Amino acid sequence: DLLPPSSEVRLARLLGRLETETGIKVRVVCPPRGVQEDRERWKEYYRPLSKAFGTDESSLVIVVDQPDPRRTERSIEPKQIELLRIVPGVKLKEKFQY
């Protein structure tokens with residue numbers, strides 16, 4: 001629920017067009033807070049999504065993290081606040097290597 005429905009529709013159209021024009025599958029995932037921090041929870045969450053999305057080694061997955069209101073710049077323990085991560089598939093990396 002990070003985006004309003006109209007933005008979700010627009011993003012879906014844009015990603016569909018990108019896939020049609022380039023052949024690259026781009027998927028955007030917004031997992032619940034804390035899921036990425038635990039490897040097993042991430043596997044349990046992402047595995048069914050990956051199958052439903054049809055991702056493979058030539059896909060590009062953009063993981064958008066929901067901001068945690070408890071993490072701020074003034075936290076006692078400085079910790080990187082990661083809001084966006086791009087995960088290219090192995091074949092996609094090979095295709096665009098220099």
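The exercises below concern a predicted model of a protein, with helix 2 as the main topic.

**Exercise 1.** State how many helices and strands the protein has, and give their order.

*Solution.* The secondary structure consists of 3 helices and 3 strands. Read from the N terminus, the elements follow the order α-β-α-β-β-α.

**Exercise 2.** Check whether the length of helix 2 agrees or disagrees with the rule of 1.5 Å a residue.

*Solution.* Step one: helix 2 covers residues 39-53, which is 15 residues. Step two: the expected span is 1.5 Å times one less than the number of residues. Step three: this should give 21 Å, and the end C-alpha atoms lie 20 Å apart, so the two values agree.

**Exercise 3.** Locate the bend in helix 2 and find the proline that follows.

*Solution.* The bend is at tyrosine 46 and amounts to about 30°. Within four residues after tyrosine 46 comes proline 48.

**Exercise 4.** Describe what is found at the start of helix 2 and just after it.

*Solution.* At the start, a side-chain oxygen of aspartate 38 comes to within 3.0 Å of the backbone nitrogen of glutamate 40. Just after the helix, glycine 54 has a positive phi of about 75°.

**Exercise 5.** Name buried residues of helix 2 and the strands they pack against.

*Solution.* Buried means under 20% relative accessible area. In helix 2, Trp42, Tyr46 and Ser50 are buried. The buried residues of this helix pack against strand 1 (25-29), strand 2 (59-64) and strand 3 (84-88). For the protein as a whole, 20% of the 98 residues are buried.

Methods: Residues numbered from 1 in each chain as written. Predicted model: local features only at pLDDT ≥ 70, side-chain atom pairs only at ≥ 80, totals over all residues. Heavy atoms only, no water. Helix = DSSP H or I, 4+ residues; strand = E, 2+ residues; numbered from the N terminus. Bend = angle between axes of the 7 residues up to and from the residue. Buried < 20%, exposed > 50% of the residue type's maximum accessible area, 1.4 Å probe, protein only. Contact = heavy atoms within 4.5 Å. Polar contact = N/O pair within 3.5 Å; in protein donor to acceptor, adjacent residues only side chain to side chain.
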